[in-house]
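User: I would like a close look at a single part of this protein, taken slowly and set in the context of the whole model. Please keep the account connected rather than giving me a list.

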Amino acid sequence: MNNYRISKNQEILIHSIIGLLVGYFILHPTSMVIYWFENNLNGVSFAALWSVFLNQFVKSFSFSMMPMSVAFSVLGLLIGLASGMYNRSIKEKQDKLLTKRQLLKQSIPSLIADGENDFVDFKASLRHDYRQVKTDKNLENEVLKSIAGFLNAKGGTLILGVDNYGSILGLENDYYSLKKKNKDGFQQRLILLVSNEFGKDISTKIHFSFHEIEGKEICALLVEPSHRPVYLNDGGNTIFYLRTGNITHPLTTSETVEYLQSREIT
């Protein structure tokens, strides 16, 4: 990752240097030639145009024109810097899209077999309590905690319908508790929960895929990292959750501030 960041900074530097050279060797001389022709074209024969062009071009590099050379060099440098930063942002978006596609192509059974970690979490259900054998909407908050943890970290995959031990439970009981008793109703419910809690812009960071394993349907949520911190209203308290290792845990106010500051630096 550090080498990747260094290479991106080097690319910005190269763009900046190229911009500086373009400003000095192209923009400034060209502007002088254009300016001269705009004021003297009527008094110059067609045969002498090339000679005048070369003369003005060479003159742009003289000591007397140094302030203008510096000004155009700085202009070129700024253009190159902007170009490099824009190019980096495009590549970062492409890298994120590539990562997203790679994660989507990963084998869900292999993720389940490998168990929970920094980027993978299991939830037995969205709202069905297997212990009390009933629907409990409070469990939806547990799912939102996991999503918030991934959003505030580096993203990850939340698999619903699988317990902490990797056993496939399926989503049939969740479907039964919904008005629309299928995966479409399940997805709509989750999007509504995320939008209401974190904002509609954050719901675009959640990508759904449904899979049938052992004759049971489960749902994998690919969660991208959020562009801003997200907070969960938990029991009247606004809490910042973060995924570290195989645990999603709340941070204190001071820990949240420290983490967000460190994320801005990196």
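Which residues does glutamate 140 touch, not counting residues up to four places away in sequence?

Analyst: The model is a predicted one, and everything below should be read with that in mind. Leaving out residues up to four places away in sequence, glutamate 140 touches Leu126, Arg127, Arg189 and Leu193. Glutamate 140 itself sits in helix α5, and its relative accessible area is 5%, which means that it counts as buried, since the cut-off for that word is under 20%.

The helix that carries glutamate 140 also takes part in the largest nonpolar core, a group of 28 residues in which Ile147, Leu160, Phe186, Leu190, Phe198 and Leu221 touch the most other members. At least two residues of this core come from each of α5 (139-152), β4 (156-160), α7 (183-198), β5 (206-213), β6 (216-223) and β8 (237-244), and α5 makes the greatest contribution, with 6 residues. In soluble globular proteins, nonpolar side chains tend to be buried together.

Leucine 160, one of the residues with the most partners in that core, shows how parts of the chain meet there. Once its neighbours within four places in sequence are set aside, leucine 160 is in contact with Lys123, Ser125, Val143, Leu171, Phe186, Leu190, Ile218, Cys219 and Leu221. There is also a second, separate core, made up of 11 residues, and Phe122, Val162, Ile213 and Ala220 are among them.

Helix α5 has a part in a pocket as well: the second largest pocket has a volume of about 540 Å³, and its lining consists of 21 residues, of which Phe122, Lys123, Ala124, Glu142 and Asn164 are the closest to its centre. Two or more lining residues come from each of β1 (120-123), β2 (128-129), α5 and β9 (247-251), and α5 again gives the most, this time with 4 residues. Phe122 therefore appears both in the second core and in the lining of this pocket, while Lys123 is found in that lining and among the contacts of leucine 160, where contact means heavy atoms within 4.5 Å.

Two loop residues offer a contrast with glutamate 140, which is buried. Valine 133, in the loop between β2 and β3 (134-135), is exposed, with a relative accessible area of 63%, and although it is not a glycine it has a positive phi of about 50°. Glutamate 214, in the loop between β5 and β6, likewise has a positive phi, near 55°, and at 64% relative accessibility it counts as exposed.

For the wider setting, the protein has 9 helices and 9 strands, and buried residues make up 37% of its 266 residues. Among its contacts with a separation of 6 or more, 67% join residues that are 24 or more positions apart. The accessible surface comes to about 16,100 Å², with 58% of it belonging to carbon and sulfur atoms.

As for confidence, the average pLDDT of the protein is 85, and 87% of the residues score at least 70. Over residues 1-6, however, the pLDDT is below 50, and in the model this stretch has 3 contacts beyond near neighbours in sequence. Where pLDDT is low, the predicted coordinates should not be read in detail.

Definitions and conventions. Residues are numbered from 1 along each chain as its sequence is written. This is a predicted model: local features need pLDDT of at least 70, side-chain atom pairs count only at pLDDT 80 or more; totals for chains, interfaces and linings use all residues. Side-chain values use heavy atoms; hydrogens and water are left out. A nonpolar core is a set of buried Ala, Val, Leu, Ile, Met, Phe, Trp, Tyr and Cys residues joined through side-chain atoms within 4.5 Å. Buried means under 20% relative accessible area, exposed over 50%, partly exposed in between (1.4 Å probe, protein chains only). Accessible areas come from the Shrake-Rupley method with a 1.4 Å probe; for residues, only the protein chains shown count as cover. pLDDT is the predictor's confidence in each residue, from 0 to 100. On a 1 Å grid over the protein atoms alone, a cavity is a set of points where a 1.4 Å probe fits but cannot get out, and a pocket is an open set with protein on both sides within 12 Å along at least five of seven lines; lining residues have an atom within 4 Å of a point. Grid points are joined across faces, edges and corners, and a volume is the space filled by probe spheres set on the points.
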